[in-house]
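Biologist: I am new to this structure and would like to go through it with you slowly. Could we take a few questions in turn?

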Amino acid sequence: MLTLFRIIKFAFQDMARNVGLSSMTVLILVLMLLSINTLVVINVFTNEAVKSIKDQIDVSLYFNYEATNEEINEVKSYVGGFPEVTEIIYLNRDEVLAKFKEQQKNNPEVLSALDELGENPLGPTMIVKTREPKDYEKVIQALNVPEYENIIEAKTFGDTQKAIDRIHIITTQVQRFAIGLSLLFALIAFLIILNTIRVAIYTQRIEISIKKLVGASNWFVRGPYVVESLFFSIASILIIGGLLWIAFRLLDPYTAIVFQKSNLLFDYYLNNRYLLIGIQLGSVLFLTVVSSLLAMRRYLRV
Amino acid sequence: MVGQSGTGKTTLVKLIIAEEKPTEGNIEVGGWDITKIHQRDVPFLRRQIGVIFQDFKLLPKKTVQENVAFALEVAGVPHSRIREVVPKVLDIVGLRKKVDSYPHQISGGEQQRVVIARSLVHRPKILVADEPTGNLDSINTEEIIEILKRINEFGTTILLVTHNREVVNRLRKRVVTLHNGKIIADEKEGKYRL
């Protein structure tokens with residue numbers, strides 16, 4: 001207990017008396033975390049953009065106007081049974097007619113033709129959304145069976161299949177690129193932290209050997225550096241937390257315009273706070289502790 | 001212990017404090033065979049031997065008092081005992097007024113006195129002084145030798161490694177002469193003969 005108390009005391013004493021070196025170490029950790037968090041933000045943007053593109057894709061099934069409710073419900077429950085399907089929006093004949101009229105409100109010829117008909121010529125419509133664009137084909141294939149041939153008049157997917165395929169390829173590539181870039185930045189951050197700690201330990205190599213010559217055990221020498229690593233990691237996480245808070249307050253009004261979501265970044269960080277803080281604190285702590293222990297090894301051989 | 005440069009005097013000191021390990025032969029310190037000492041026992045050995053280095057080896061970011069106290073703190077000595085012992089030892093070496101100074105704020109002679117205080121603080125049975133006056137002028141040399149003589153009179157064995165002829169001749173103590181790593185003379189009340 002006494003030894004632990006002394007280790008903590010020496011750690012804080014070292015930090016206070018090497019304030020320049022301590023600040024520099026924290027600054028580099030903050031810069032590294034900033035670059036990592038920039039990538040997290042880019043990932044959030046990418047995912048949100050991909051999601052909003054995917055949301056805009058759907059398949060419309062136009063039913064024959066003579067199709068009965070039983071037949072439509074059967075198709076609905078059949079399609080709804082697919083795990084890939086996330087949403088089914090059903091519009092009855094009246095709703096389809098109202099929507100059509102709204103779309104054609106500037107086209108009096110079409111509206112008067114409708115009036116002349118005297119009855120609603122449009123059948124009900126079902127809008128199907130799936131998890132991934134590639135799943136639409138599966139749904140369409142499943143509907144290409146003889147028993148539904150007379151009920152479903154048309155499917156829009158055929159016309160947009162190429163576009164959907166293209167979007168799928170682009171979104172997959174964008175996500176892969178973001179992951180690749182994140183890994184590259186993580187590697188750069190790892191190397192910079194490793195070398196920062198190595199330099200910090202190198203500047204104290206003589207002190208380390210003196211402590212050993214005076215009779216300190218290896219852990220008595222290592223201890224303060226481990227405590228300092230913990231302190232630097234917590235300090236850098238707190239600083240980065242503050243910086244991100246300010247950045248999100250400034251950025252979120254703009255992201256709200258683009259993605260139609262208020263507090264997108266702030267909410268993302270708030271919802272994933274334990275994971276984000278845990279991973280970042282854990283990684284920085286692990287890196288700083290391991291690099292100081294490794295860097296110190298040669299100077300402890302006295 | 002006297003001998004020309006490169007003859008193995010500092011190597012001997014390093015062997016005694018287990019900074020180096022012998023390739024052959026045996027080393028015994030106070031009845032403890034340290035020839036094959038385990039790495040984890042080295043700190044315990046060093047806490048029983050006081051070592052004074054030519055280049056002082058003081059911790060630059062610690063004050064005089066903290067440097068001396070550090071030798072006790074590594075050994076887990078309670079705080080109350082440290083507060084009692086450190087001022088006394090600093091009194092012996094005449095540095096009571098410099099307790100809060102950092103090594104760079106005091107002279108070479110004073111720094112060496114801090115080193116002596118640090119090596120004495122855990123009451124070692126043997127004090128190894130490797131060229132303790134090598135970086136000092138004649139006045140400071142005189143002072144350091146006087147302190148070492150006083151410590152010796154209190155019953156601590158001192159191994160003084162030096163090539164300062166004047167110091168050796170004036171001390172009139174046992175002189176072991178080393179040449180090419182071998183003892184070539186061992187006189188009970190010897191003189192510097194190289």
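Biologist: How far apart do the end C-alpha atoms of residues 177-202 of chain A lie?
Modeller: This is a predicted model, in which local features need pLDDT of at least 70, side-chain atom pairs count only at pLDDT 80 or more, and totals for chains, interfaces and linings use all residues. Residues are numbered from 1 along each chain as its sequence is written, while chains are lettered from A and ligands numbered from 1 in the order in which they are written. Residues 177-202 of chain A are 100% helix and 0% strand, where helices (H or I, at least four residues) and strands (E, at least two) are DSSP runs numbered from the N terminus. The end C-alpha atoms of this span lie apart by 37 Å.

Biologist: Which name does UniProt list for residues 21-45 of chain A?
Modeller: Residues 21-45 of chain A are 100% helix and 0% strand, with end C-alpha atoms 36 Å apart. In an unreviewed entry, whose annotations may be inferred rather than shown by experiment, UniProt lists these residues, along with 177-202, 223-248 and 274-296 of chain A, as "transmembrane region".

Biologist: Are helices α10 and α12 of chain A roughly parallel or roughly antiparallel to each other?
Modeller: The axes of α10 (residues 218-259) and α12 (residues 273-300) of chain A come within 9 Å and cross at roughly 150°, the axes being lines fitted to C-alpha atoms over the stretch in contact, with angles from 0 to 180 degrees between N-to-C directions. Angles under 35 degrees count as roughly parallel, over 145 as roughly antiparallel, 65 to 115 as roughly perpendicular and the rest as oblique. The two helices α10(A) and α12(A) are therefore roughly antiparallel.

Biologist: Which residue in β6(B) stands opposite B:Val128?
Modeller: An open sheet of 3 strands in chain B has the order β4-β5-β6, with parallel pairing, and two strands pair if DSSP finds at least two bridges between them. Its edge strands, each pairing on one side only, are β4 (49-52) and β6 (157-161) of chain B. Strand β5 (residues 126-130) of chain B is joined to β6(B) by 5 bridges. Opposite B:Val128 in β6(B) stands B:Leu159.

Biologist: Which helix of chain B packs on the sheet?
Modeller: The twist of this sheet averages 15° from one strand to the next. The helix touches β5 and β6 of chain B, a contact meaning that C-beta atoms, placed from the backbone, lie within 7 Å. Its direction makes about 150° with that of β6(B), and the helix, covering residues 138-153 of chain B, is α6.

Conventions: Two residues are in contact if their C-beta atoms, placed from the backbone, lie within 7 Å.
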